[in-house]
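Colleague: I should like to learn how to read the sheet and the cores of a model. May we take them in turn?

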Amino acid sequence: MNKLFFHRLTSLSTDRFAGRRGFTLIEVMIALVVLLVGTLGVIAMQYSAVSGNAFSREIKIATNLGTTRIEEIKSTPYAGLSSGTDTPVSSPAISGGVAFSRRWWVVANCIDLKLTNDDGSCSSSITAACNTTLKNASAIRLRTCWNDGGGNNHSVTFDTVRWDENVIP
């Protein structure tokens, strides 16, 4: 009886797995390759999203710095308007460690200015000239520039006109 009992246990354990197949090593490796390709795609998507967010933050900061300086220029008395440049201080936590610079050009008796040697930067070699003249108005162009983490130059440019508040039309 003991012999019969062990025979029965052995046949039960082998019968239970009869007709079933496991995964082969090749199938497991193919599944891992498919999983790896999918994971690499997700990683690339995340990298692209983080880079896009950083550039968006830089544009937002440059725009805010530009509009702040434009408002300061507009609140300056007309006789005190002049071209200039500065390097605004921004917190590294806010700017991501990117340094910004601003340059503005003011052309008196003008409502439309053009820049010569304009390469889209804040270079001192860029000069401003009047395109369309108008007495008692000054054309103003302001540019905020920065280099991103990859060393690429970027800029945001604003144009506005400032009227002489002391002249009644």
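Modeller: In general, the strands of a sheet pair through backbone hydrogen bonds, in parallel or antiparallel fashion. In this predicted model, four strands form an open sheet in the order β1-β2-β3-β4, and their pairing is antiparallel.

Colleague: Which are the edge strands?

Modeller: They are β1 (84-86) and β4 (153-163), each of which pairs on one side only. On average, neighbouring strands of the sheet are turned by 20° against each other, direction ignored.

Colleague: How many bridges join β1 to β2?

Modeller: Three bridges join β1 to β2 (residues 100-116), and the two strands run antiparallel. Within β2, R102 stands opposite D86.

Colleague: Turning to the other edge, what does H154 touch?

Modeller: H154 lies in strand β4. Leaving aside residues up to four places away in sequence, its contacts are F55, T144, C145, W146 and D148. With D148 there is a polar contact between the two side chains, at 2.9 Å.

Colleague: How should the nonpolar cores be read, and which residues have the most contacts inside the largest one?

Modeller: In soluble globular proteins, nonpolar side chains tend to be buried together. The largest nonpolar core here has 16 residues, and I73, F100, L142 and W146 have the most contacts inside it.

Colleague: Which elements supply at least two residues each to this core?

Modeller: They are α2 (25-74), β2, β3 (127-147) and β4. The largest share, five residues, comes from α2. A second core, separate from this one, has seven residues, among them W105, C110, L113 and A139.

Definitions and conventions:
Residues numbered from 1 in each chain as written. Predicted model: local features only at pLDDT ≥ 70, side-chain atom pairs only at ≥ 80, totals over all residues. Heavy atoms only, no water. Pairing = 2+ DSSP bridges. Axes fitted to C-alpha atoms, helices over the stretch in contact; angles between N-to-C directions. Polar contact = N/O pair within 3.5 Å; in protein donor to acceptor, adjacent residues only side chain to side chain. Contact = heavy atoms within 4.5 Å. Core = buried A, V, L, I, M, F, W, Y, C linked by side-chain atoms within 4.5 Å. Buried < 20%, exposed > 50% of the residue type's maximum accessible area, 1.4 Å probe, protein only.
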